[in-house]
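Pull up the model and keep the sequence beside it. We'll take a walk along the chain and stop wherever the side chains have something to tell us.

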Amino acid sequence: MGNKFSKDPQEIYKEIKKCKGDRQKLAKKLFVALDDDRSGYLTIREIVDQFEGYSKSHHSIDYQTIFDNYDTNNDGIISEAEFIEFYIEANRHVTRNEFEKRVHKALIIFRTIVAKSTDADFIYDVELKGKNLRSSVNVLFDAMDDDETGTIDTREFQSHLSALGVQEADKLETLWRAYDEDNDGMITRSEFWEFWSKRNGLGVKPEKAKRSLAVLIAKFRSVYARVQRREKKRGEVTKVLERLDTEYKLVAIILLYPRLLRARCESSCNLRVLGRCVDLVLSYISTLFAVLLRVVWLYIVCTLLFAQKNEEEQKALRGKAAVETRIENEQRKKEMAAGKARRRVQKRRIEIEERNQAKDEQQTTQENKQLQEKKQLQEKKQLQENH
């Protein structure tokens, strides 16, 4: 990731040592390295961007599962607290040195990954650095101009300002009127520059202003990426509805086939009246059947979507459970190994004690034997002296 932090392994090592083993601080450094647009949260796009540069076998990685494991509240983004909590929990079984090694390796890779067009520092270094302020503001204008028409409409204006936290309709309307001076319903480049320069350009250093512009451009391009994904999903739903309409037409043709029989009976007045009645009844029946058919198909589609969502949730839970099970198994193995080591030490201690006790008994037996022999010699000597 192209950011202002050092990419030198030695400098990164010094940063890690300054944390003194604090896992909260270490995990936060890793979160900052992943947060390309400095939004304070991670999106699925940022996870994919970083892991594509991190892993050579990124095609086989299930990014959605990784993202779901971190996104504990299922709000579609990974907050700093969620990331830190899950990362520490997933690595709770490792020692301090091993944890620091993992963070060190990840920081080296993530900070050296080539950034993409939604990275604020990449935008500043490649697109804004060396340009004048007006050209930089034009890049911001292009980031808001999703449909590339050369103007910004109300939809684009509202969607991008919502990313900055401006949700109130009154504020949006006030800002829109301030930008759209001629009230033609569109914001042109000149109008955008004039308002921006009046509000932000006076008394601000160009480099500082371009840094702020780079952050805004990164956020607005992320908004455009989300809109594109939403449009893609909407297109898929539209295709499903088109297929439903086609099947409805086929059913309608089948239901309206009796009208052909009625057309053959119009030579008689009574038959014509009967035919009109039949036509009216069939129209009501076909309309009712079409509505029922659409409801059934929508119910099936919703059921499938809910089933898919539940399956994804179950998959995420299984993945999390597998991680927890693996961690518990590793801890159990470590405890078993520690127990075996303790039993070996205890057995060795008992053997040493038994060996020492046997030596003491043998030494005592030898001393008693020597005393008896000495006593016998003294008695023999005394008997000789008596004779």
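What follows is a tour of helices, salt bridges and charged patches, and bear in mind that this is a predicted model.

Let's start at helix α1, which covers residues 9-18. Three of its residues, Ile12, Glu15 and Ile16, are buried. Look down the helix axis and these buried residues fall within an arc of 100°, so they line one face of α1. Turn to the face pointing away from that buried side and you'll find Gln10 and Lys18, both exposed.

Glu15 may catch your eye, being an acidic residue on the buried list. Its relative accessibility is 18%, and it counts as buried because the cut-off is under 20%. What does Glu15 pair with? It forms a salt bridge with Lys29, with the closest N and O atoms 3.5 Å apart. That pair ties together distant parts of the chain, since Lys29 sits in helix α2 and Glu15 in helix α1, 14 residues apart. Lys29 itself is partly exposed, with a relative accessible area of 25%.

Between those two helices, in the loop from α1 to α2 (23-34), sits Lys20. Its backbone is worth a look: phi is positive, about 55°, although Lys20 is not a glycine. At 68% relative accessibility, this lysine counts as exposed.

Now for some more charge pairing. Side chains of opposite charge can pair when their charged atoms come close. Arg92 and Glu89 do this in a salt bridge at 2.6 Å, N to O. Both partners are partly exposed, Arg92 with a relative accessible area of 36% and Glu89 at 38%.

A little further on, Arg96 forms a salt bridge with Glu100, with 3.3 Å between the closest N and O atoms. These two are 4 residues apart in helix α6 (residues 96-112), so about one helical turn separates them. Arg96 is partly exposed at 46% relative accessibility, whereas Glu100 is buried, with a relative accessible area of 6%. Lys17 joins in too: Lys17, Arg96 and Glu100 are linked in a network of salt bridges. Over the whole model, the count comes to 10 salt bridges.

Next stop, helix α10 (169-179). Here the buried residues are Leu172, Leu175, Trp176 and Tyr179. Seen down the axis of α10, they fall within an arc of 100°, so they line one face of the helix. On the other side, Asp170, Thr174 and Arg177 are exposed.

Step into the loop between α10 and α11 (189-201) and you meet Glu181, which is found there. Glu181 gathers with Asp182, Asp184 and Glu194 in a patch of negative charge on the surface. Its relative accessible area is 42%, which makes Glu181 partly exposed. The loop also holds Asn183, a non-glycine residue with a positive phi of about 55°. Asn183 counts as exposed, at 61% relative accessibility.

One loop later, between α11 and α12 (206-255), comes Lys205. Lys205 is exposed, with a relative accessible area of 66%. Its C-alpha atom is 9.8 Å from that of Leu133, with their positions 72 residues apart along the chain.

Finally, go to helix α14, residues 269-386, where Arg342 has its place. Lys340, Arg342, Arg343 and Arg344 form a positive surface patch. Arg342 counts as exposed, at 58% relative accessibility.

How values were computed
Residues numbered from 1 in each chain as written. Predicted model: local features only at pLDDT ≥ 70, side-chain atom pairs only at ≥ 80, totals over all residues. Heavy atoms only, no water. Patch = residues over 30% accessible without salt bridge, like charges linked within 9 Å, V, L, I, M, F, W, Y side chains within 5 Å. Areas by Shrake-Rupley, 256 points an atom, 1.4 Å probe, with all protein chains shown as cover. Salt bridge = Lys/Arg side-chain N within 4 Å of Asp/Glu carboxyl O. Lys, Arg positive; Asp, Glu negative; His and termini not counted. Charge placed at Lys NZ, Arg CZ, Asp CG, Glu CD. Buried < 20%, exposed > 50% of the residue type's maximum accessible area, 1.4 Å probe, protein only. Arc of directions from axis to C-beta.
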